[in-house]
Amino acid sequence: MKIAIVSDLHLGYDTFRNDAFNQAKQALDMANELADAVLIPGDIFDRHYPKPDVIAEGINLFRDLSKKKWGAQVVEVKGAHAFTDVPMVAIPGNHETTVQNSENPLSLLALAGLLIDTSHAHTVLQKGAEKVAIYGFGSIAESSARQKLLEVRPKPMPGVFNIFLFHQTMYELMPFNENFMRMNDLPADFDLYVCGHMHNFYEKTVHDGKKLIIPGSTVLTQLNDIEKKKGFIMFDTELYSYEFIEISSRPFLIKTIEFDNADDMQILNKCIDEIDELAKGHEKPIIKIHLKGSANIMNYSLLIQKLKLKYSESIYLSIDASQLADKSIDKNIEELRDNRIGEMPIKQLGNALFMQKLKDLGFDFSLIDANTLYELLSQEESKKSKEKAVKESREFLNI
Ligand SMILES: [Mn+2]
């Protein structure tokens, strides 16, 4: 059986709403041409509670697909209600799950008979004499996933090709939290493991030579430097091999620009040159610029604002300046360390502020020696005793 694995469609994703729909449609239409069945390991929708027009996108997408001809059909569902025999089988992702046992946007599509929600259930597909069983482990909190697997103990079905479908973070790929599921936590004896959630494509080997496949999302969301190629997986159960099918996605272009003590204008002009060059021939691409090296920036936010404004209609621009050493900040710190701000020593600056304050309070400078009063109040020892400082000051002022 030829199975398309299409993951993380994120319908309704705000930043690239049309991309999410168009690329999901593109992937699923291609899947219909090439495959006998489709598996979706979570995140069809971007939100737990999508707006009605986003739910409508999902309905339109899956209604049209469910009317098409598919090579396989659903012959049995154990553990869930099935309202269609069309071989589109899904689980909810972390973007969809709501409180336990309540409906989520994915389960609504299943209730409408547009696909099968196989969360904590077995769905059996058949094409000719061949059967494929899918066990779905719908997304749950990472901290509960391992415990839940131990409780549920998902088992493969005898005599068929078994797929374990899930949507969690794998510790081996993203070792950020001890709670994440390990490859060894996956239930044994399935023929193939399919995971959603991570938005880049990965293939790993688990349980002595079984494949774990993560197709990645069909739409760009994270804009990290490795998220580039978008598409889906075509898996052939008879050959036990697969192919990554690329779909056309909005161009995502990354460029690092190095500077050596550049000022605002030099950075602005260089960025404009590079961005114009990169964007040539692309329709509203995503461009990510890494600024590196050293600079003396007068007004960083104005610089970024100018660039974003210039390209607001033509480019999705993202600028990362975390690797740019801004010498003007160093200069400011050095000045503070030298006890001055600009050309004025801090003490003198304090004195100026003090004079202003006295003026605001209505003190008459012709009657008092404000500089001496300032010295008196800023002495180290006067900090220790408020009463003493006030007493001395009153004596000084003759009040
Ligand atoms: Mn996702």
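The exercises below deal with a metal site, two helix pairs and single residues of a predicted model.

Residues are numbered from 1 along each chain as its sequence is written, and side-chain values use heavy atoms, without hydrogens and water. In this predicted model, local features need pLDDT of at least 70 and side-chain atom pairs count only at pLDDT 80 or more, while totals for chains, interfaces and linings use all residues.

**Exercise 1. The metal site**

Find which residues coordinate the manganese ion, and state where His10 and Asp43 lie.

Step 1. Donors are N, O and S atoms within 2.8 Å of the metal (3.2 Å for Na, K and Ca); water is not among the atoms, so sites may look incomplete. The manganese ion has Asp8 (OD), His10 (NE2), Asp43 (OD) and His199 (NE2) around it, at 2.1 to 2.3 Å.

Step 2. Written along the sequence, the spacing of these donor residues is D-x1-H-x32-D-x155-H.

Step 3. Helices (H or I, at least four residues) and strands (E, at least two) are DSSP runs, numbered from the N terminus. His10 sits in the loop between β1 (2-5) and α1 (17-34) and Asp43 in the loop between β2 (37-40) and α2 (52-66), so the pair ties together parts that are 33 residues apart in sequence.

Step 4. Buried means under 20% relative accessible area, exposed over 50%, and partly exposed in between (1.4 Å probe, protein chains only). Both His10 and Asp43 are buried; for His10 the relative accessibility is 1%.

**Exercise 2. Positive phi**

State what is notable about phi in His10 and in His197.

Step 1. Most residues other than glycine have a negative phi.

Step 2. His10 is not a glycine, yet has a positive phi of about 50°. His197 also has a positive phi, near 80°.

Step 3. His197 belongs to the loop between β9 (192-195) and β10 (202-206). Its relative accessibility is 19%, so His197 counts as buried.

**Exercise 3. Helices α5 and α6**

Describe how α5 packs with α6.

Step 1. Axes are lines fitted to C-alpha atoms, for helices over the stretch in contact, and angles run from 0 to 180 degrees between N-to-C directions. Helix α5 (residues 264-279) and helix α6 (residues 300-310) have axes 10 Å apart, at an angle of about 25°.

Step 2. Angles under 35 degrees count as roughly parallel, over 145 as roughly antiparallel, 65 to 115 as roughly perpendicular and the rest as oblique. The angle therefore makes α5 roughly parallel to α6.

Step 3. Contact means heavy atoms within 4.5 Å. From α5 the contact includes Asp264, Ile267 and Leu268, and from α6 it includes Leu303 and Lys306.

**Exercise 4. Helices α8 and α9, and Phe365**

Describe the crossing of α8 and α9, then place Phe365.

Step 1. The axes of α8 (residues 346-361) and α9 (residues 370-378) come within 10 Å and cross at roughly 115°. The two helices are therefore roughly perpendicular.

Step 2. Among the residues in contact are Phe354, Met355 and Leu358 of α8 and Ala370, Leu373 and Tyr374 of α9.

Step 3. Phe365 lies in the loop between α8 and α9. With 33% relative accessibility, Phe365 is partly exposed.

Step 4. Apart from neighbours within four places in sequence, Phe365 contacts Met355, Leu358, Lys359 and Ala370.
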